[in-house]
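Biologist: I'm new to this structure, so could you take me through one part of it closely? I'd like to hear about the empty space shut up inside.

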Amino acid sequence: MKGSSKASVTFLTVDEEDAGQRLDNFLLKHLKGVPKSHVYRIVRSGEVRVNKGRSDVTYRIVAGDILRLPPVRVAEKPDAAPAVAASHRIDIPIIFEDDAILILNKPAGLAVHGGSGVSFGLIELIRAQRPQAKFLELVHRLDRETSGILMVAKKRSALTVLQDALRDNHRIDKRYLALVKGVWENPRSHVKFSLLKYNTAEGERRVRVSPEGKISHTVVNRRKVWKDCSLLECELKTGRTHQIRVHLAASEHPILGDEKYGDFALNKILPRQGLRRMFLHAWRLIVDHPITGKPLELEAPLPPELQSYIDLLEKTHA
């Protein structure tokens, strides 16, 4: 992306690496720190121009396009020092890597990116560990408390293809393992509560079931049942924030250890029984490679702290 500035207005020329993105997605990455609502406003008002004309946020930019950006205040870049310091002591297991993508097994407790009181996240850590990399971007997200498979793109073209696949649930198969309270009755269930995002009085992001929310679909497969809990495999058919957690809680089977949507009284007991984190793990992913088109089948087994709790259940209920 080449740029020049004139009278505080910026002109950018789209190169091959950035081509193919939606205009809004490119602007959000280029204008880091600018609120999303403001980015959409300057596009709708015509302050952003593509080849001297108005454009829509859904327009996919093409190599050679000239973008006119109005003057905006951009937040200072976050301090990279904490991620650099941690990069020598935190090792993220790699499941798959080539020139286009990096598939990682994210540990629980690590946010995917910094912000909101978090000095750094997984993406800042990976960039610190690979200072020579020209491009590293998250394809999707996992909650901080969730472990498992996470995709990082090493090329803009790969990012665009994978994010398009995520929008179409027929092109990707993402499965999670969750241990929930109580006995899940049906071997296979379709949970379709509509979900609405909101902020608490403290400013924390939450999600609730609401007819005003977005249509959401999780397929739940029962894997194992014990006296007072069930191991479930959850297929994401849509990718809403906290979808699995809220769908299962709304089904009266909250995930064990879930501090936002779980059974809070039960959660206090679980550490003494050997479970010290939320039992939700992204364990399996099937997706076509963004460059070759060949199917990738990737798995991340349960981490030791979750597998040991399953082993304990098997022993206790033998």
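Modeller: Happy to, and bear in mind that this is a predicted model. Let's begin with the second largest cavity, whose lining residues split into four nonpolar, one polar and three charged. About 50 Å³ of space lies in there. The residues around that space are His 140, Ile 149, Lys 174, Arg 175, Tyr 176, Ala 282, Arg 284 and Leu 285. Two strands each supply at least two residues of this lining: S9, which covers 172–181, and S15, which covers 280–288.

Searching the whole structure turns up two cavities of 30 Å³ or more, so let's go to the largest one, with about 70 Å³ of space. Its lining takes in Gly 20, Gln 21, Arg 22, Asn 25, Lys 29, Arg 60, Arg 156, Leu 159, Thr 160, Gln 163, Asp 164 and Arg 167. Helices H1 and H5 (156–167) are the elements that give two or more residues here, and H5 gives the most, with six. By type, the lining of the largest cavity has one nonpolar, five polar and six charged residues.

H1 is worth following a little further. This helix (residues 23–30) packs with H2 (residues 36–44) at an angle of about 125°, their axes 10 Å apart. The two helices are therefore oblique to each other, and H1 passes H2 in a right-handed crossing. On the H1 side, Leu 23, Asp 24, Leu 27 and Leu 28 make the contact, while H2 brings Lys 36, Val 39, Tyr 40 and Val 43. Those contact residues divide into six nonpolar, no polar and two charged.

How values were computed:
Residues numbered from 1 in each chain as written. Predicted model: local features only at pLDDT ≥ 70, side-chain atom pairs only at ≥ 80, totals over all residues. Heavy atoms only, no water. Axes fitted to C-alpha atoms, helices over the stretch in contact; angles between N-to-C directions. Helix = DSSP H or I, 4+ residues; strand = E, 2+ residues; numbered from the N terminus. Parallel < 35°, antiparallel > 145°, perpendicular 65-115°, else oblique. Left-handed = near helix turned anticlockwise from the far one by under 90°. Contact = heavy atoms within 4.5 Å. Nonpolar A, V, L, I, M, F, W, Y, C, P; charged D, E, K, R; others polar. 1 Å grid on protein atoms, 1.4 Å probe; cavity = no way out; pocket = protein on both sides within 12 Å on 5 of 7 lines; lining within 4 Å. Points joined across faces, edges and corners; volume = space filled by probe spheres on them.
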